[in-house]
Protein chains: 2
Amino acid sequence: MIEIKKRSECPISCSLDIWGDKWSLLIIRDLMHAKQCTYGDFLKSEEKIATNILAARLQMLETNGVITKQDHPESKAKVLYKLTQKGIDLLPIMVEINLWADKYFTLPSERKEMIDEVKKDKEAFIKEKIKELSLS
Amino acid sequence: MIEIKKRSECPISCSLDIWGDKWSLLIIRDLMHAKQCTYGDFLKSEEKIATNILAARLQMLETNGVITKQDHPESKAKVLYKLTQKGIDLLPIMVEINLWADKYFTLPSERKEMIDEVKKDKEAFIKEKIKELSLS
DNA sequence: AAATTTACTTGCATTTTGCAAGTACAAATA
DNA sequence: TATTTGTACTTGCAAAATGCAAGTAAATTT
């Protein structure tokens with residue numbers, strides 16, 4: 001089992017205790033891009049997470065209600081991971097991280113396109129994206 | 001010295017490579033609350049960071065241009081740490097983390113007050129707070 | 001029936017974290 | 001002026017987390 005030990009009652013600290021490790025937000029990013037992923041999909045991401053770490057993080061995020069597992073409609077060998085509402089609600093944080101990164105790094109052009117869309121109308125982007133993630 | 005190895009060119013990943021560890025955002029949080037802190041101030045925070053980890057993180061954040069050191073005006077024994085513009089620009093991310101935490105945790109009342117102010121007018125809050133952090 | 005895919009687990013080396021103690025310089029106190 | 005205290009670290013070592021390679025078990029494909 002996974003221990004959820006809070007370092008303090010501070011909102012930043014409590015949040016980091018759930019997803020403030022090296023990998024969790026990348027898993028969540030994948031789910032925001034793809035809406036649903038199999039275990040293997042996560043392993044394919046370019047940052048190359050180790051399989052045991054992936055398993056541990058998925059467990060942690062599920063225990064904390066950020067993601068859920070469900071059966072794959074076409075195969076019993078596969079599992080689908082999805083964001084819960086709690087996970088979907090991390091979108092504004094992700095958007096702000098993207099904007100910060102856009103200001104201080106040189107990003108690949110395919111990322112820039114999305115960010116330019118955000119910059120045009122942040123609220124609209126978030127609203128639309130949340131809607132997308134919520135149905136399904 | 002500190003190694004800045006990027007796992008990928010993804011904005012989320014690049015950002016996490018700088019401040020995506022267990023402690024950095026808590027250091028940044030302290031600086032956002034206090035505007036400037038000494039080494040000892042950070043050690044006093046309720047999460048109780050270990051002194052060697054603190055030294056390592058401060059070094060990392062300074063190397064990456066998120067914070068700066070300056071002489072304490074009243075004592076050569078003390079050092080003042082402050083946010084750079086790059087650090088101040090993390091404020092919107094912090095605000096969103098607070099809002100997420102507000103939705104999913106029960107927070108202490110003194111934190112709630114600040115968050116209620118944010119909820120009234122997020123843009124205004126951020127603008128005002130950035131102004132505050134920028135002068136000095 | 002055998003090989004392959006999928007989602008993991010296991011074992012072990014490496015790296016990071018945490019704790020306690022130590023150091024060096026500045027400042028306050030006796 | 002000598003000694004103690006404060007401040008910002010560093011060092012050494014144990015514990016925990018991470019990373020890598022290989023293994024397992026059930027489902028699917030061949």
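Let's start with the strands of chain B in this predicted model. Strand 1 of chain B, residues 36-37, pairs with strand 3, residues 75-83, in the antiparallel sense, and two bridges hold that pairing. To see where they meet, look for B:Gln36, which stands opposite B:Lys82 in strand 3 of chain B. Strand 3 of chain B also has a partner in strand 2 (residues 67-72): these two run antiparallel and are joined by six bridges. Here B:Gln70 stands opposite B:Leu80 in strand 3 of chain B. If you trace the chain from strand 2 to strand 3 of chain B, you'll cross two residues, and the two strands form a hairpin. As a rule of thumb, side chains in a regular strand alternate between the two faces of the sheet.

Now for the cysteines. How many disulfides are there over all chains? The count comes to zero. Take A:Cys37: its closest cysteine sulfur belongs to B:Cys10 and is 13 Å away, which is too far for a bond, because a disulfide needs the two sulfurs within 2.5 Å. B:Cys37 is in no disulfide either, with the sulfur of A:Cys10 as its nearest at 13 Å. Are these two residues buried or exposed? A:Cys37 is buried, with a relative accessible area of 4%, and B:Cys37 is buried at 4% too.

Next, hunt for aromatic rings. There are eight aromatic pairs over all chains. One of them is A:Trp100 with A:Tyr104: the ring centres lie 5.6 Å apart and the planes meet at 45°, so the pair counts as tilted. The two residues sit four apart in helix 6 (residues 91-104) of chain A, so about one helical turn separates them. A:Trp100 is buried at 2% relative accessibility, while A:Tyr104 is partly exposed at 24%.

Chain B has a tilted pair too, made by B:Trp100 and B:Tyr104, with 5.6 Å from centre to centre and 45° between the planes. Both lie in helix 6 (residues 91-104) of chain B, four residues apart, or about one turn of the helix. B:Trp100 is buried at 3% relative accessibility, and B:Tyr104 is partly exposed at 24%. These two also belong to a cluster linked by ring pairs, together with B:Phe105 and, from chain A, A:Trp19.

Finally, check where charges meet rings. The charged end of A:Arg7 sits over the ring of B:Trp23, 4.6 Å from its centre. Going the other way, B:Arg7 lies over the face of A:Trp23, with 4.6 Å to the ring centre.

Technical notes: Residues are numbered from 1 along each chain as its sequence is written. Chains are lettered from A and ligands numbered from 1 in the order in which they are written. This is a predicted model: local features need pLDDT of at least 70, side-chain atom pairs count only at pLDDT 80 or more; totals for chains, interfaces and linings use all residues. Side-chain values use heavy atoms; hydrogens and water are left out. Buried means under 20% relative accessible area, exposed over 50%, partly exposed in between (1.4 Å probe, protein chains only). Two strands pair if DSSP finds at least two bridges between them. Rings of Phe, Tyr and Trp (its six-membered ring) pair if their centres lie within 6.5 Å; planes under 30 degrees apart count as stacked, over 60 as edge-to-face and the rest as tilted. A charge sits over a ring if NZ of Lys or CZ of Arg is within 6 Å of the ring centre and within 35 degrees of the ring normal.
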